[in-house]
Structures are given as structure tokens and as C-alpha cells.
Amino acid sequence: VAPSIRLSPAARSLFDEPLAIAVQGLSPRQRVTLRASLRDETGELFQASARYQAGDDGELDLAHCPALPGGSFSGLEPMGLLWALQPQKPFWRLVKRDVQSPFLLQLEVLEGHQEPPGRVLAQAQHERVFLRDGVRRVPVRDGRIRATLFLPPGNGPFPGIIDLYGTGGGLPEYRACLLANHGFAVLALAYYSYEDLPKEMKELRLEYFEEAVNYMLQHNQVKGPGIGLLGISKGGDLCTSMASFLKGITATALINGSVANVGSVLRYKDITIPPLGVNLKRIKVSKSGIADIVDVLNNPLEGPDQQSFIPLEKAECHFLFIVGQDDHNWKSEFFAVEGSKRLQAHGKEKPEIVCYPGAGHYIEPPFFPMCAASMHLLVGKHVQWGGEPKAHCEAQVGAWQQIQAFFHKHLTGKPSGTSSKL
């Protein structure tokens with residue numbers, strides 16, 4: 001029997017769900033290299049490989065068979081070929097721009113453990129999709145709002161969430177649509193560097209975000225009485241500001257967010273919150289030219305920088321802080337702890353803080369490969385984001401479950417296990 005790759009699900013799976021990989025038809029104890037390849041939408045190649053030895057029966061199941069040293073990872077890692085994918089171009093991050101098309105994963109079984117590996121013994125293709133069948137993608141151009149709404153299949157209304165990304169700008173949709181696959185109505189919201197929105201992030205007005213909140217609260221497919229906010233990085237401090245000043249927010253989840261306003265002036269009505277001060281002399285540059293900016297921001301508890309601390313004690317919502325303890329973008333754990341202290345000092349409930357050791361700044365949905373360093377638009381150079389690949393991947397899986405459970409609990413009143421299956 002010729003060797004073959006067996007996948008489950010066989011042909012296509014959602015990007016955030018596990019993929020079972022096995023090889024059959026090998027010789028007993030045969031040594032092989034497994035290689036995964038994926039090209040992003042710009043054509044850049046991501047690859048991972050691992051060395052394995054088949055069992056006495058010529059079978060190789062990644063759920064039960066540990067990878068041997070010498071590849072991209074070792075040990076029992078059923079999803080290692082996906083989370084260990086690395087760009088062949090340095091400082092390149094895997095992102096999905098068009099969520100309506102899948103990523104195509106190529107899997108190969110190669111002879112032996114030598115470098116470069118031997119001849120191809122078997123190969124397979126698999127689609128990693130972002131939109132579950134029946135999820136509706138609705139571009140939103142309503143007043144000033146520039147966004148995309150994702151609605152789950154079936155008759156709503158559904159618990160509603162606004163999803164914000166960081167200083168990269170534009171309109172990333174992939175996290176919002178993956179979340180919609182799990183039963184939420186999610187609005188991916190652009191706020192700068194997109195269509196007719198401001199090109200730069202010098203000043204942000206909270207009235208724009210208020211428009212988006214009201215859009216969701218008034219939508220007939222969104223279950224009230226309030227909505228959730230999900231933000232990473234700069235999107236995190238924007239969500240904190242929205243929760244502090246705007247009505248109709250029930251639950252706010254922050255991924256490596258700040259409790260101080262960062263990077264731009266924030267205005268709302270007659271209120272102005274200045275950006276937290278920075279000291280560029282605190283940038284450390286490695287021999288390879290990558291910047292470590294973790295110490296650049298001033299302390300929002302001291303001097304005039306206290307004016308940048310967002311008054312989150314005004315918020316009438318539940319908070320969840322997701323923290324990567326190896327975040328090198330800024331001190332996420334410090335921000336979460338100070339936010340918690342501020343809330344409790346004002347008689348508010350203690351927020352949930354979930355810390356992940358070995359996780360860096362970009363905690364994405366599950367199975368996105370860790371990006372160790374890439375271009376930071378505000379800093380203007382390559383910066384390190386922190387993280388150790390295996391721990392970071394585990395954090396992404398754990399955080400994704402925590403975020404969904406948090407929103408299910410506070411937006412539907414049900415634990416996530418009891419929601420109707422899609």
C-alpha cells in the first residue's frame with residue numbers, strides 16, 4: 001500500500017478548530033519528515049517541518065506520536081505543523097485579509113530525516129476556512145461608520161460584540177468572523193487608515209465609536225440590552241475608553257490592552273485625554289537591529305501622565321483582561337493589575353485577569369503562528385512582540401475559550417456549553 005495522509009475533517013476545517021493528521025501505509029518504524037506549507041494572500045510562504053518515526057504497524061498519528069528532535073518542534077504536538085509555521089521572509093506576520101477565501105494548507109510526507117529531506121512519499125491539501133457556511137458578511141457604511149458585520153446562521157437576535165484591532169489600522173475581519181462562527185453578531189470596526197477615515201492616528205473622537213455602539217444596540221439581529229467589546233493592543237485601550245464613557249456596554253474583553261490612553265489624543269464632547277508620554281531613549285536595539293520597546297511608555301501613575309489614565313471606574317460593565325506575560329510591546333500585566341486596583345478602589349467588581357506565561361503581545365485566534373517581530377507603524381521600525389511559540393500557541397487556544405465563555409456569560413446569561421449548537 002502506498003503511504004497516504006489522512007485528515008479529519010477531511011477536506012476543510014475552520015481556521016480556529018483542530019485538524020487531526022495521520023499517515024498510513026508506511027513501513028514499520030520508517031523514519032519520515034512531515035512538512036506543512038501555506039502561502040498568504042501576498043504569496044509569502046510559511047513552512048514548518050517535523051521528524052517522525054512510524055509505529056510497528058506503519059501508522060503515524062500525530063495525536064499519539066511525538067515528533068523527534070531536529071524539526072520545527074519536538075514532542076507530542078498534534079497541531080505543531082500549524083502553530084510552528086514560520087515565514088520564509090523575515091519579520092512577516094500571517095494575517096487574513098479576505099475572509100471569504102480559505103488558506104490552502106499543503107502537507108507532505110518526505111523520506112528520512114536528512115537535510116534537505118528526501119523524496120515525497122505522500123501529499124495532501126486542506127482548506128482552512130474563516131466563514132462557517134451560513135454566516136453572513138455585511139459591509140457597513142452607515143453615517144461615518146466603516147465596518148463589517150458578521151451574523152451567524154439562523155434567526156437572531158444574537159449577542160453583539162464590537163471588535164477592534166490596534167495601530168495597524170485598516171479593517172481586519174478575521175477575528176470577528178471566527179467569533180461569529182460561534183454564535184455572536186460581531187462588528188469589525190475600522191477607525192483609521194481605511195477608506196475615507198483619517199489616514200493617521202493623531203486624534204480619535206469617541207463619538208465615532210459611540211455611533212458604532214448605537215448601530216449595534218439598534219440592530220434587529222443584536223440581542224440587547226447591552227453589547228460586548230473586544231480589543232487587542234491599541235484597540236484594548238479604545239475599548240476601555242468606550243466602556244468608561246459610553247452607555248450600552250455590558251462586557252469588555254481586553255487582549256494585552258492598556259488602561260492609559262496611548263498613541264493619540266482622545267476626545268469626547270468636552271473631555272480630552274492626552275496620550276501617555278513616551279521616552280524613545282528607553283528603546284533597546286538588539287544586535288540584529290530589532291527594537292525592544294517595552295520600557296518606552298511613561299508610568300500612568302506618576303506626574304502629568306496620570307491624566308492619560310482612562311477613568312474605567314465610570315464603566316458599568318464586566319471586564320476581562322487577557323495578559324501575555326512575555327508581552328514586549330508594553331507592560332500588559334501591570335496595566336491589568338492597575339486597572340483592577342482602580343476598579344476595586346471605587347467599589348466596582350474585581351475584573352477577571354487571565355495571565356499566560358510565555359505568551360507575547362499578539363494573542364490571536366487559535367493556530368495563527370506566533371509573530372516574534374514585525375514592523376510597528378507608530379515606531380517606524382521592526383520591534384519584538386515577545387512570546388515563546390509553543391506557550392504562545394497554547395495561550396491563543398486558552399484565551400479564545402476564555403473570551404467566548406466571558407461573552408456567553410455576560411451577554412446571554414448562559415455558560416457557553418449550553419448555547420444552541422450551530
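1. The hairpin of S4 and S5 is a convenient place to begin: five residues lie between these two strands, and in the turn Gly43 carries a positive phi of about 90 degrees. The strands themselves, S4 at residues 31-39 and S5 at residues 45-53, run antiparallel and are joined by nine bridges. Within this pairing, Ala36 has Ala48 of S5 as its bridge partner. Please keep in mind throughout that the model is predicted.

2. S4 has a further partner in strand S8 (residues 103-111), with which it pairs in the antiparallel sense over seven bridges. A reader who wants to locate this pairing in the structure can look for Arg35, which stands opposite Glu108 in S8.

3. Taking the protein as a whole, the secondary structure amounts to six helices and 24 strands. The C-alpha trace spans about 75 × 55 × 40 Å along its principal axes. The radius of gyration is 22 Å, which agrees with the value near 22 Å that a compact globule of 422 residues would have. Buried residues account for 55% of the 422 residues, and of the contacts between residues at least 6 apart in sequence, 68% join residues at least 24 apart.

4. The UniProt record, in an unreviewed entry, lists residues 205-412 as "domain: BAAT/Acyl-CoA thioester hydrolase C-terminal". In the model this span is 30% helix and 24% strand, and its end C-alpha atoms lie 30 Å apart.

5. An open sheet of eight strands, with mixed pairing, follows the order S10-S11-S13-S12-S15-S16-S21-S22. Its edge strands are S10 (136-142) and S22 (352-356), each of which pairs on one side only. On average, and with direction ignored, neighbouring strands of this sheet are turned by 20 degrees against each other.

6. Inside that order, strand S12 (residues 158-164) and strand S15 (residues 222-232) pair in the parallel sense over six bridges. One bridge of this pairing can be found at Phe158, whose partner in S15 is Val222. Helix H4 (residues 234-245) packs on the sheet, where it touches S12, S15, strand S16 (249-255) and strand S21 (318-324), and the direction of H4 makes about 145 degrees with that of S15. Helix H5 (residues 332-345) also packs on the sheet, touching S21 and S22, with a direction that makes about 160 degrees with that of S21.

7. H4 deserves a separate remark on how far its residues are covered. The helix has twelve residues and reaches 17 Å from its first C-alpha to its last, close to the 16 Å expected at 1.5 Å a residue. Twelve of its twelve residues are buried, and the buried residues include the charged-name positions Lys234 and Asp237 as well as Leu238, Met242 and Phe245.

8. Helix H6 (residues 389-412) has 24 residues, and the distance from its first C-alpha to its last is 34 Å, close to the 34 Å expected at 1.5 Å a residue. Directly after H6 comes Gly413, whose phi is positive, near 75 degrees.

Key: Residues numbered from 1 in each chain as written. Predicted model: local features only at pLDDT ≥ 70, side-chain atom pairs only at ≥ 80, totals over all residues. Heavy atoms only, no water. UniProt positions renumbered as here; feature names shortened; annotations may be inferred. Helix = DSSP H or I, 4+ residues; strand = E, 2+ residues; numbered from the N terminus. Pairing = 2+ DSSP bridges. Axes fitted to C-alpha atoms, helices over the stretch in contact; angles between N-to-C directions. Contact = heavy atoms within 4.5 Å. Expected span 1.5 Å × (residues − 1). Buried < 20%, exposed > 50% of the residue type's maximum accessible area, 1.4 Å probe, protein only. Rg over C-alpha atoms; globule rule 2.2 N^0.38 Å.
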